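User: I have some questions about how the terms for this model are justified. Please set each value against its cut-off.

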Amino acid sequence: MPSPLPENSPIATAHDRLAHFRRLAAALGPTVHRGVAQHFFLSLIKEDEALNAETIADCWRRATEKIRGGQLPGFLGLYLHIPFCPRLCTYCIYYRVRLSDPNDLDLYLARLRREIDYYAPLFQGIPFSTFYLGGGTPTLLSESQIDELLGHVRRSFAFGAGERCFETSPYTLTEAKARLFADYGFNRVSFGVQSFSLEVLQNVDRVLQKTEQVHRTIGLLQSFRFHVNCDLIHGLPGESLQTTLANLEHLLELGPTQVTTYKLSIYTPPLPGRTDAAPLPELAREAEPIARKHGYTIAVYPTAIMAVRSERNRRVEEIERRPDYRNYDDVTTEPRSLLGLGPTARSYIFGHLKYKSTAYPVAAPFAPGDKSILGRRLSLLDEKQFFLTQQLASDGRFSAVEYERYFRESVSVAFGEALKDLDKLGWLRRENDGYVLTVDDPTERFVAGLFFLDEQKIRAAWKDIADSPEKYSPDGPSDLVDRRNFLIRYRQACIPISLHRIRPGFGCFRQAGDFAFSIADEMAGNGKTAPPNEEKVLRLFGRFFELVVATAKPASLDALQEAILSRRDKLAAYGLAIQSPPDEEPPSR
Ligand SMILES: C[S@@+](CC[C@H](N)C(=O)[O-])C[C@H]1O[C@@H](n2cnc3c(N)ncnc32)[C@H](O)[C@@H]1O
Ligand code: SF4
């Protein structure tokens, strides 16, 4: 394994650095294509620490002092998690619990109030721009519980202009609850519809919402002039491309502000019998004429497509035009901090700490000394590098003006060497208020980002490649820790498949429990053409794989392998056959 660290091979010129970074990108293999460059480098140099609320409060104290003093940029968001649902939909990826004992709700709300009281004094004089009440199903709370919670939040925190959103579902929203949210200044609602088919809802154990109920709820929300987002899911068991499009059209006829159609997430728990979800670009193509017919436009995002009404609600538009208006947005590169309360809630203290509450039991009392939080420290340098590398990777450009506004320094002074290097190489040109890369290939954009990282991160990457070469093998993503290979045959197609054991907490495509599978070449991004039936084979094998993991509950990769082999006849029912013994290396295609 190569490890050309700077001291072994002096790197004097821009061309030397380019060669070095290209070698590093090649050695990192699939990691380069995962679009998480900065998080990856941070994970090498910073461990997740178990923290308690006292440490978190200290950190917020330091950060909010700087925000007050104008030394720390960014806006603040508040997120409260209400994890209760009337029934648990089997596809759901969020932390939620079925409300069986109403006492749990009271205990949980009491805990939330104590947490609010604990943190609120730190935010004196600093308004929150956004407020998101998510879940679970927040509107499962009674009117008096909502009133009490929102009243407590209003007394505890100050709010500026920005998005205030709550999540709701059919059958949990009443007119009185909607009025309460409007009175407390909520301007947006996210309404989960998922599907209009009773059969599909039954397949996933969701409450069997009636179509009239969905109509009534949307009408009610519109009467309060909320920005109404409705959610659908594409790929649920029993759904097809055509029924998803019909669901979308059905909603568009009701005139909400937008409809988000999620593709069934890669983190979805094993869901036997789920349908073959068409890729989002295909869904978007098919949805486009339907959207246009109803006065909507379609935008495609990595996990969903969104139909947005061209003519917006005037009240919403007026609010959104205000210069200090902010959306609740967890993918923005704009500096922001987020206080999240509740089990699994994520928080972010810009330039200091990123952390997440564990999935603690809902009735557990709040104990500031409990180490129930996992966090990773961040420096301002990490944030600057994150801003630049992220923008280069996703857009191939960044704004020097924005950088200066956020970090109160000139990017040409702070990262002068990197800019000079890229300029010498002809990789960068100035344009309007910023810089644009002249290279377009995703790996080259990643390489360009490496010029902005510090030596500690670059060294840590080489060290990790040397210490754990298997993580960077072109045969699998870097969080897959062990694997066994199969050759799967379907008619004329023959596809090498690797079974993997994955690291706890790591979610990946084609995962069930602690296991996942992949095709060797797929993750390497080596440009080979897939055999025509590959997608179909993967879908079929995926269902079989989920069933085996769910029924055999294997404790190890060997046990999984054995369970798969002993069910060859079941695999045959999918039209698939295992062609080579699992220990053999699959031939390259
Ligand atoms: C936290 S849920 C709240 C919605 C509300 N409780 C309801 O079900 O109507 C937010 C949204 O996440 C989406 N979602 C949940 N699980 C998903 C999955 N496995 N794949 C894609 N989207 C999912 C659903 O569209 C859902 O409306
Ligand atoms: S989709 Fe909504 S109702 Fe269903 S389990 Fe998830 S949060 Fe609860």
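Analyst: This is a predicted model. Start with two helices in contact: L241, T244, L245, L248, E249 and L252 of α9 meet E282, L283, E286, A287, I290, A291 and K293 of α10. By class, that contact has 8 nonpolar, 1 polar and 4 charged residues.

User: What makes L248 a nonpolar residue and E249 a charged one in that count?

Analyst: Leu is on the nonpolar list, and Glu is on the charged list. L248 and E249 both belong to the α9 side of the contact. Therefore L248 counts as nonpolar and E249 as charged.

User: At what angle do α9 and α10 pack?

Analyst: Helix α9 covers residues 241-253 and helix α10 covers residues 280-293. They pack at about 30 degrees, with their axes 10 Å apart.

User: Why is α9 called roughly parallel to α10?

Analyst: Angles under 35 degrees count as roughly parallel. The angle here is about 30 degrees. So α9 is roughly parallel to α10. Their crossing is right-handed.

User: Now take α12 and α16. How do their axes cross?

Analyst: Helix α12 spans residues 380-395, and helix α16 spans residues 442-450. Their axes come within 9 Å and cross at roughly 165 degrees.

User: Why is α12 described as roughly antiparallel to α16?

Analyst: The cut-off for roughly antiparallel is over 145 degrees. The crossing is at roughly 165 degrees. Therefore α12 is roughly antiparallel to α16. α12 passes α16 in a right-handed crossing.

User: Which residues form that contact?

Analyst: From α12 come T389, L392, A393, S394 and D395. They meet R445, A448 and G449 in α16. The contact has 3 nonpolar, 3 polar and 2 charged residues.

User: Why is G449 placed with the polar residues?

Analyst: G449 is in the α16 side of the contact. The classes put Gly among the polar residues, so G449 counts as polar.

User: Turn to ligand 1. Which residues come nearest?

Analyst: Of the 20 residues around ligand 1, Y91, G135, Q194, R206 and D231 come nearest.

User: How do you know that I93 makes a polar contact with ligand 1?

Analyst: The pair must be N or O atoms within 3.5 Å. A backbone N or O atom of I93 lies 3.4 Å from a nitrogen atom of ligand 1. So the I93 pair qualifies. G136 has a backbone N or O atom 3.1 Å from a ligand 1 nitrogen. For S265, the distance from a backbone N or O atom to a ligand 1 nitrogen is 2.9 Å.

User: What surrounds ligand 2?

Analyst: C85, C89, Y91, C92, R96, G136, T137 and R206. That shell has 4 nonpolar, 2 polar and 2 charged residues.

Note on methods
Residues numbered from 1 in each chain as written. Chains lettered and ligands numbered in written order. Predicted model: local features only at pLDDT ≥ 70, side-chain atom pairs only at ≥ 80, totals over all residues. Heavy atoms only, no water. Axes fitted to C-alpha atoms, helices over the stretch in contact; angles between N-to-C directions. Helix = DSSP H or I, 4+ residues; strand = E, 2+ residues; numbered from the N terminus. Parallel < 35°, antiparallel > 145°, perpendicular 65-115°, else oblique. Left-handed = near helix turned anticlockwise from the far one by under 90°. Contact = heavy atoms within 4.5 Å. Near = heavy atom within 4 Å. Polar contact = N/O pair within 3.5 Å; in protein donor to acceptor, adjacent residues only side chain to side chain.
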